[in-house]
Amino acid sequence: MFDGETARYVSIVAAFWVSLGSGTHYVYSAYGPQLAARLGFTATESSIIATLGSVGVYFSGPPAGVIIDRKKPHIPIAIGGCLILLGYMLMRFAFISNLRSVAFVGIWMIVASSGNTFAYHACVKCAAVNFPHRRGTATSFPIAGYGLSALFFSQIGNAAFPGDTGKFMLMLPLLTSGLVFVGLPFVRHIPIKKIEDSEALVVEEVADDETQALLRRSATDSSSEGKFSKSKEATYSTITEFERDSASTSGSESEEVVSMVDEVILPESDEVDIHGWALLRDWRFWIHFSIHGLLSGCGLMYILSAGYVLRALYTYADPYISPVSLQRNQAIQVSLVSIFSFVGRIVAGYSADKLESRGYQRMWVILASACFFVLAQIGGLTITSNNFMWFISIFNGFGYGVLFGSYASIISKIFGLKRFSENYGFLTCATVVGSDIFAFAFGAIYDSNSYFIDPDEYMMGMNMTMIDPNVRQRQTGQICEIGHYCYRDAFAITLPGSIIAVFLAASVIYYENRKASRIELENAVVAIVDTESTNDDATLVSN
């Protein structure tokens with residue numbers, strides 16, 4: 001249908017499209033409070049449902065990764081579309097049937113969320129495989145689509161069905177699964193030319209003598225670095241150095257060189273491949289697991305509970321705010337989170353690639369993400385007016401986007417691309433741990449400060465509204481009337497968590513810098529020894 005180069009870019013666009021339909025787990029805060037009010041759930045029970053959604057998203061990662069790494073992307077994407085449709089349709093059934101069962105709603109939330117993971121992870125893997133040396137930028141497109149999903153669906157629902165949660169919950173399964181199935185045929189792996197050794201990088205079009213010398217040195221560097229347990233990473237280092245040096249050349253020449261480097265990948269036997277028990281025994285994995293769990297847990301607590309934060313602030317300001325106005329403001333906050341998550345994911349992927357091309361670590365992006373989360377938690381602790389809730393939403397959304405926009409490329413860089421989906425699935429399980437702890441804490445704290453007004457009983461006592469439409473109705477469902485004190489203590493828990501993540505990310509950067517300095521010193525010693533040996537050989541020959 002398309003030539004190889006065009007098909008790669010069509011695949012990226014289709015991956016964005018499918019991921020847009022696969023990020024609906026984050027839309028929960030747009031309808032979660034209304035679902036809970038209708039079915040009589042407390043904030044803790046609503047948090048359980050949201051957390052079960054996280055369980056579906058992240059615990060399905062490893063099994064989904066096994067399928068994605070062994071099958072064509074069409075299969076996991078099709079599985080994902082079917083699970084999304086089934087899960088959300090049965091959740092809507094519970095809503096319209098007034099089926100007051102946390103277990104029933106939670107099970108089908110797991111099913112729908114698992115479908116999100118199958119489709120989304122297949123798109124990320126496909127982007128990484130199709131652009132092996134621009135993984136950060138390439139994977140940022142499906143990752144950004146995933147983050148933009150909440151904005152897309154919350155705004156459509158708010159515009160088309162204002163105040164009608166039932167119709168919104170019907171739109172959700174039909175439109176999301178529709179996007180997945182429409183993009184499915186175009187998301188595919190495009191074969192890329194491979195090279196057998198580092199010397200094959202010397203192509204006729206590159207006539208620059210310094211580049212030729214660099215590539216010739218790579219062969220001896222690769223063999224010498226084997227003495228220091230670097231054999232598997234040597235050629236990757238050469239390509240990175242090659243790209244870095246080429247970036248300092250003139251504009252058009254630099255673009256030509258980088259383009260050619262992007263067209264070649266290493267044979268699978270030469271790539272880093274850490275997975276399974278080797279992954280779980282690697283201390284680096286657990287450091288990244290901890291960072292990811294702390295930061296994503298902070299982010300998800302707010303994303304899934306933003307509706308309750310908003311209800312607390314708005315009810316404190318006006319106990320008689322209309323449901324339509326409340327839902328419209330919920331959609332605004334969800335949109336802010338989604339927009340800045342989208343921006344963060346795009347910026348993170350590109351920034352990570354740029355940093356690495358200039359010799360810096362990708363972990364600087366994660367450190368920046370942790371700092372944004374610290375600001376968001378401070379905002380949650382201190383903001384008392386609904387007029388400034390945007391501050392929490394923006395910084396939380398941007399930090400969350402930066403986190404997820406960069407970690408995919410970091411994991412593929414450290415542990416290899418061959419089992420990327422499986423490894424990334426294990427990493428994202430950390431989100432369940434973090435979000436479980438923080439979301440349950442939020443629910444328990446909110447419940448302890450609130451009471452419940454049954455919507456049906458309240459309407460029976462308000463029959464006069466049938467006579468006088470000007471009588472304003474107060475909020476029903478779970479009510480908390482003390483403003484930000486309804487949930488403030490939850491942010492007092494997440495703030496230390498985000499600060500710990502800052503410390504861990506900074507520690508990783510420090511360790512890797514020390515490691516790089518040591519390797520550079522060892523390589524310099526090897527180079528001196530090789531030079532002296534060459535000089536001795538030349539002396540013997542001359543004699």
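Five salt bridges are counted in this structure, which is a predicted model. Side chains of opposite charge can pair when their charged atoms come close. Three of the pairs are listed below.

| Pair | Closest N to O distance |
|---|---|
| K125 and D69 | 2.7 Å |
| E356 and R362 | 3.0 Å |
| K413 and E356 | 3.3 Å |

The salt bridge of K125 and D69 links distant parts of the chain: K125 belongs to helix α6, D69 to helix α4 (residues 61–70), and 56 residues separate them. Both K125 and D69 are buried.

E356 takes part in a salt bridge with R362 and in another with K413. Because K413 lies in helix α16 (residues 389–415) and E356 in helix α14, their pair ties together parts that are 57 residues apart in sequence. Through shared partners, E356, R362 and K413 are joined into one network. Is each member of the network buried or partly exposed? E356 and R362 are both buried. E356 has a relative accessible area of 18%, and the cut-off for buried is under 20%, so E356 falls on the buried side. K413, at 37%, is partly exposed.

**Helix α2**

Helix α2 covers residues 28–39, and 11 of its 12 residues are buried, so the helix is largely enclosed by the rest of the structure. Among the buried residues are Y28, S29, A30, Y31 and G32. Just after α2, G40 has a positive phi of about 75 degrees.

**Cavities**

How many cavities of 30 Å³ or more does the structure hold? There are four. The largest has a volume of about 90 Å³. Its lining includes Y26, S29, G147, I303, V334, R345 and Y400. The elements that give two or more residues to this lining are α7 (135–160), α13 (283–317) and α14 (323–357). Helix α14 gives the most, with five residues. By type, the lining of the largest cavity divides into seven nonpolar residues, four polar and one charged.

The second largest cavity holds about 60 Å³ of space. The residues that line it are A30, S154, G157, N158, F161, F168, Q327 and A331. Here α7 and α14 are the elements that give two or more residues, and α7 gives the most, with three. The lining of the second largest cavity has four nonpolar residues, four polar and no charged. Helix α2 also touches on both cavities: S29, one of its buried residues, is in the lining of the largest cavity, and A30, also buried in α2, is in the lining of the second largest.

**Surface and loop features**

On the surface, L85, M89, L170 and L174 form a nonpolar patch with about 290 Å² of accessible area together. Helices α5 (74–96) and α8 (165–183) each supply at least two residues of this patch; L174 is one that lies in α8.

N98 is in the loop between α5 and α6 (102–130). Its phi is near 55 degrees, a positive value in a residue other than glycine. N98 counts as partly exposed because its relative accessibility is 31%.

A159 lies in helix α7 and is exposed, with a relative accessible area of 63%. The C-alpha atoms of A159 and R328 are separated by 9.0 Å, although the two residues are 169 residues apart along the chain.

Terms used
Residues are numbered from 1 along each chain as its sequence is written. This is a predicted model: local features need pLDDT of at least 70, side-chain atom pairs count only at pLDDT 80 or more; totals for chains, interfaces and linings use all residues. Side-chain values use heavy atoms; hydrogens and water are left out. Buried means under 20% relative accessible area, exposed over 50%, partly exposed in between (1.4 Å probe, protein chains only). Helices (H or I, at least four residues) and strands (E, at least two) are DSSP runs, numbered from the N terminus. On a 1 Å grid over the protein atoms alone, a cavity is a set of points where a 1.4 Å probe fits but cannot get out, and a pocket is an open set with protein on both sides within 12 Å along at least five of seven lines; lining residues have an atom within 4 Å of a point. Grid points are joined across faces, edges and corners, and a volume is the space filled by probe spheres set on the points. Ala, Val, Leu, Ile, Met, Phe, Trp, Tyr, Cys and Pro count as nonpolar, Asp, Glu, Lys and Arg as charged, and the others, Gly among them, as polar. Patches are made of residues with over 30% relative accessible area and no salt bridge: like charges are joined within 9 Å, nonpolar side chains (Val, Leu, Ile, Met, Phe, Trp, Tyr) within 5 Å. Accessible areas come from the Shrake-Rupley method with a 1.4 Å probe; for residues, only the protein chains shown count as cover. A salt bridge is a side-chain nitrogen of Lys or Arg within 4 Å of a carboxyl oxygen of Asp or Glu.
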